[in-house]
Amino acid sequence: MKFLLIILILKLFIVSNYGFKMVSTLIDSVAKNNYYQCYNQPLSSDDICKPGAYICELMEDSEDTYIITGVDFSQPGSPISGTWCYFENFAIFTNLTSIYVGDENGKIRGNGEAIKNIGTLKYLKKVFYKYFDEMKSGITFQDTLEEFYIGTVTVNVPSSMFESKLKSLIIEKALSFSKLSIPNLSLTTLKIGVDPESFTQEISETFSKILVNLENYEISYTTSGTVSSPVAPVLNYFNYLKTLTINGYSQQTNWEFPSLDNDLSNSLKSLTLTNSIFKFTNGYDFSNYLSGFKLIVNGYESSFSTCSKCMKFPINSIIESDGNLEFDSINFTNVLSFSSINNEIYQALPELEDISTNYKSLESFYITDSSIYGSIPESYCQLPIDFSLSNNELSYLPNCFKCDLEFNSKIVPNGFYFSSRDCSDYSLNQITQSTTTFSTKTGGILQFNGTNLGWEYSFGESHSLPFEIPNKEFSITIPKGVGKNIKKQLILNNHFNETITYSYNAPTITSYDVIDINGDSVFIVYGSDFDYDNVNLATFTEKENSNKSLKFYFENQQDNNNYITSTIANVYSNLVSDKIYQLYFTVGEQQSNTIEISITKPTTSSSNDSSSHVNNSDSSDSDSDSDSDSLEKPSSSSKLSLFISFNAFILMIILLL
């Protein structure tokens, strides 16, 4: 054992001191040269597999020989500023699964020569090659490659890219395209930058036809100049798009958004439009699209849509805009979240009448840093808590905003500022329901109404709770209980205090009976509104002598049979047979109605027979126990036999051993 441990320690010592060893000297040399070309500093053989350049794995059946499985030139490091990283051909690393070249600052840039033969790499799955000088048109891909990201393609984008098994293809800028014709069933994500001068109607339509399973499509027009007749992207043949992003350029195209012949309502979840790429002159009806549909409108300088409430959306839709957007065009009926910033259109806030009824799904509402003018409508008192109207040109506040200084940050700076609370317009009407008494079994609802009720309340011992929208009325749930003239404090927004009084129904007796429970005669009472905590005090007063009475506590059994019974004492045994009693209950300081009762008890002979039967039963049990005892006691001979058998068993075990 010690010998094996020494061998293991020696092997670990040898490996740790020997360092990394590449599978071949050529790979070792190319790896170090590529590093020097990019960072202008040498790389030792022992450092090749350290973070910052290459990803390595121990070669199978080897203890010290490594293979390179990943290229990772993504760290800023200290590259030679303004020069390319002229890598040697990465195809020499035959076990690569990933290539990542490019940093956020654009200082690490690769040459096209390095990836021209990646089609020979049979394990390669991902390529991220952000900056490069040129790309050969003859590039091919293995079927194992799933993701390919590349910067600018200075030649025609090879058709092989669209004929491969790629699942994700991202090209930052494609100057032109080879002829495409073969349907692609694998590609699900395409993000591509196109030059509007070379992006023709034919190419645009071909994309829509051959990429039959595309789910995520982002197309960006990348020129900064003026194009005489730019072509809009064709969308009519896509059937499975989930996200669609169309980014315009400095020239405002203002294409009219197409009426789609294909039905994307069962798949499209998100539509993003930037830089005035499309407009909706007559609006658009997205209301039959998927719940949670998201529209993002960014960088618009010209009109988005001028018709009133003509943009319709499905339930729980999300609308985000960083730029000009006409609010009046939005139908907010199904909108869950609305956000608009940097809006330079001089317009008033959208009118949202009766938010609680017409805009039930609205949870978030933001219009900030814009040129919005005028007053905040009174209906905005019903907005959800998650809202902001800050940094606009608004000039009037409704009363509900004046009473809560916490909303300062949500609505300033604007054309006003208030530093003290003004709750003069607050009011609370009386309880609107016809009665203030509740069932002891179910409780009930207290309903209040008024104007500008604010945003929170507390009732009794409860902590502050937010109002449900709208705040012109609210209700409080009263739990089950008992009592009369119960008083609790209602506080609105920590400043309005009113004492609320309510009661529970008094108990009601409807009938009584004597029933058999487990051989005992039990007196029970039927009725309603008894105490669930079993504080039901029954008073039995003799009719002929009102000075004589009996009192017992009864247990509530309403959940099962709608009656109550006594658990403190045997009421039945204390009542005199055929005597008339007047019975009433006291529950929560409230007295029930009074009824007359009388019970007739059976003769006592049956009781003696019963006792006699119990005694006989006891005697029988005693005899039975005696017989049982005699059967269970073993005889002396049985004990001796057991002892001999046990010793013989022990001896047999010893002999066998």
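Which residue in strand 35 does N536 stand opposite? Keep that one in mind, everyone, and hello. N536 stands opposite F554. Before we go on, please remember that what you see above is a predicted model.

Let's stay with that part of the chain for a moment. Strand 34 covers residues 536-542, and 6 of its 7 residues are buried, so you can call the strand mostly covered. What lies alongside? On the one hand there is strand 35, residues 549-556, joined to strand 34 by 6 bridges, and the two run antiparallel. Strands 34 and 35 form a hairpin, with 6 residues between them. On the other hand there is strand 37, residues 581-587, which is also antiparallel to strand 34 and is joined to it by 6 bridges. If you want a pair to look for there, try L537, whose bridge partner in strand 37 is T586.

Now for strands that run parallel. There is an open sheet of 3 strands, and its order is 19-21-23, with parallel pairing. The edges belong to strand 19, residues 347-348, and strand 23, residues 393-396, each of which pairs on one side only. Strand 21 covers residues 372-375, and 2 bridges join it to strand 19. To find the spot on your screen, look for A348, which stands opposite Y373 in strand 21.

One more strand residue, then we move to helices. L273 sits in strand 12, residues 270-274. Is L273 buried or exposed? It is buried, with a relative accessible area of 0%. Try a distance here too: L273 and Y300 are 27 residues apart in sequence, and their C-alpha atoms are 8.7 Å apart in space.

Right, helix 2. Helix 2 has 15 residues, and from its first C-alpha to its last it reaches 21 Å. That is close to the 21 Å expected at 1.5 Å a residue. Which residues of helix 2 are buried? They are I27, D28, V30, A31, N34, Y35, C38 and Y39. And just after helix 2 comes N40, which takes a positive phi of about 60°.

Notice that D28 was in that list of buried residues. D28 has a partner: its side chain meets that of K32 in a salt bridge, at 2.9 Å from N to O. Why can such a pair form at all? Side chains of opposite charge can pair when their charged atoms come close. Both residues lie in helix 2, which covers residues 25-39, and they are 4 residues apart, about one turn of the helix. That spacing is handy, because an α-helix has 3.6 residues a turn, so residues three or four places apart point the same way. The two partners are not covered alike, though. D28 has a relative accessible area of 13%, which is under the 20% cut-off, so D28 counts as buried. K32, at 25% relative accessibility, counts as partly exposed.

How many salt bridges are there by this rule? The count comes to 8, and I'd like to show you two others. One is in helix 4, residues 201-210, where E205 and K209 are 4 residues apart, again about one turn of the helix. Their side chains meet in a salt bridge at 3.0 Å, N to O. E205 is partly exposed, with a relative accessible area of 26%, and K209 is partly exposed too, at 43%. The other joins K116 and E113, whose side chains meet at 2.3 Å, N to O. Here K116 is partly exposed at 33%, and E113 counts as partly exposed at 35% relative accessibility.

Last stop: the largest pocket. Its volume is about 240 Å³. The lining is made up of 10 residues, and those nearest the centre are G519, D520, S521, Y572 and P602. Which elements supply at least two residues each to this lining? Strand 33, residues 520-528, is one, and helix 9, residues 571-574, is another. Sorted by class, the lining has 6 polar, 2 charged and 2 nonpolar residues.

So here is a small tour to try on your own. Start at N536 and look across to F554, then find D28 and K32 in helix 2, and finish among G519, D520 and S521 in the largest pocket. Thanks for listening, and do ask questions!

Definitions and conventions:
Residues numbered from 1 in each chain as written. Predicted model: local features only at pLDDT ≥ 70, side-chain atom pairs only at ≥ 80, totals over all residues. Heavy atoms only, no water. 1 Å grid on protein atoms, 1.4 Å probe; cavity = no way out; pocket = protein on both sides within 12 Å on 5 of 7 lines; lining within 4 Å. Points joined across faces, edges and corners; volume = space filled by probe spheres on them. Nonpolar A, V, L, I, M, F, W, Y, C, P; charged D, E, K, R; others polar. Pairing = 2+ DSSP bridges. Salt bridge = Lys/Arg side-chain N within 4 Å of Asp/Glu carboxyl O. Buried < 20%, exposed > 50% of the residue type's maximum accessible area, 1.4 Å probe, protein only. Expected span 1.5 Å × (residues − 1).
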